[in-house]
Amino acid sequence: MAAVPVAGIGLGWFAKQRIRELPGELTGKGLAWTGITLSLVLGAIGGGGLAGYEMREVPWGYTKVTFADLAPDEDNPKEVIPPDIVDLEEKQVFIKGYIYPGRQSIGLKRFILVPTLGHCSFCSRKLKSTEMIAAEMQGDLTTNYKRRITAIGGTLRIDRAEAAKPFGGFPYKIEVDYVR
């Protein structure tokens, strides 16, 4: 997106230089300056809007986590759950992933959230437990299966007994109160 303002500034500067080189043949110096100024202003507005969107990507009151954050440190075999994640237990978290719905695909109250579309119990026999989050919708909240990324937010619960199983368990559960 930055290409448009950068191109506007570059072309305006080029036009200004050409007008200075050939003042008798070319006019429009004010127009070149207007183009440069507008490109700077609109680039700043666009950059500010993008920064605002990125800052608001995570709803207020939630802490963003990723599937990489949920994985234990491979260099520390005794670590089952990362300490930063333990600190988030019983707190509001926000994570993006793909819905693995099971048999139902409409009006889902429960599903598994996985990091990529390629994650499923049939595709990988060695699916790590930290690559799956059991999601349970709260109240009358439901969602439908879709083949695009889904963002959920809610209270993080940790099952330490399941975390001790490297494959097949669900150490993480989110009681979902926000879905996008």
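**Helix α1 and the salt bridges of the predicted model**

Helix α1 comprises the 19 residues 3-21, which at 1.5 Å a residue should span 27 Å, and the C-alpha atoms at its ends are 27 Å apart, in agreement with that expectation; the expected span is taken as 1.5 Å times one less than the number of residues in the helix. Helices (H or I, at least four residues) and strands (E, at least two) are DSSP runs numbered from the N terminus. The structure is a predicted model, in which local features need pLDDT of at least 70 and side-chain atom pairs count only at pLDDT 80 or more, while totals for chains, interfaces and linings use all residues. Residues are numbered from 1 along each chain as its sequence is written, and side-chain values use heavy atoms, with hydrogens and water left out.

Within α1, Pro5, Gly12, Lys16 and Ile19 are buried, where buried denotes under 20% relative accessible area, exposed over 50%, and partly exposed in between (1.4 Å probe, protein chains only). Viewed down the axis of α1, the buried residues fall within an arc of 65 degrees and therefore line one face of the helix, the arc being that of the directions from the helix axis to the C-beta atoms. On the face turned away from this buried side, α1 carries the exposed residues Ala3, Val6, Leu11, Phe14 and Glu21.

The structure holds 8 salt bridges, each defined as a side-chain nitrogen of Lys or Arg within 4 Å of a carboxyl oxygen of Asp or Glu. In one of these, Arg18 is paired with Glu21, with the closest N and O atoms 3.5 Å apart. Arg18 and Glu21 are 3 residues apart in helix α1 and are thus separated by about one helical turn. Arg18 is partly exposed, at 34% relative accessibility, whereas Glu21 is exposed, at 54%.

Strand β6 (residues 172-179) contributes to a salt bridge between Glu136 and Lys173 (3.3 Å, N to O). Because Glu136 lies in strand β4 (residues 133-137) and Lys173 in β6, the pair ties together parts that are 37 residues apart in sequence. Glu136, at 22% relative accessibility, is partly exposed, and Lys173 is likewise partly exposed, at 30%.

A salt bridge also joins Glu175 to Arg157, with the closest N and O atoms 2.8 Å apart. Since Glu175 lies in β6 and Arg157 in strand β5 (residues 150-158), this pair ties together parts that are 18 residues apart in sequence. Glu175 is buried, with a relative accessible area of 19%, while Arg157, at 24%, is partly exposed. Finally, Glu57, Lys64 and Lys96 are linked in a network of salt bridges.
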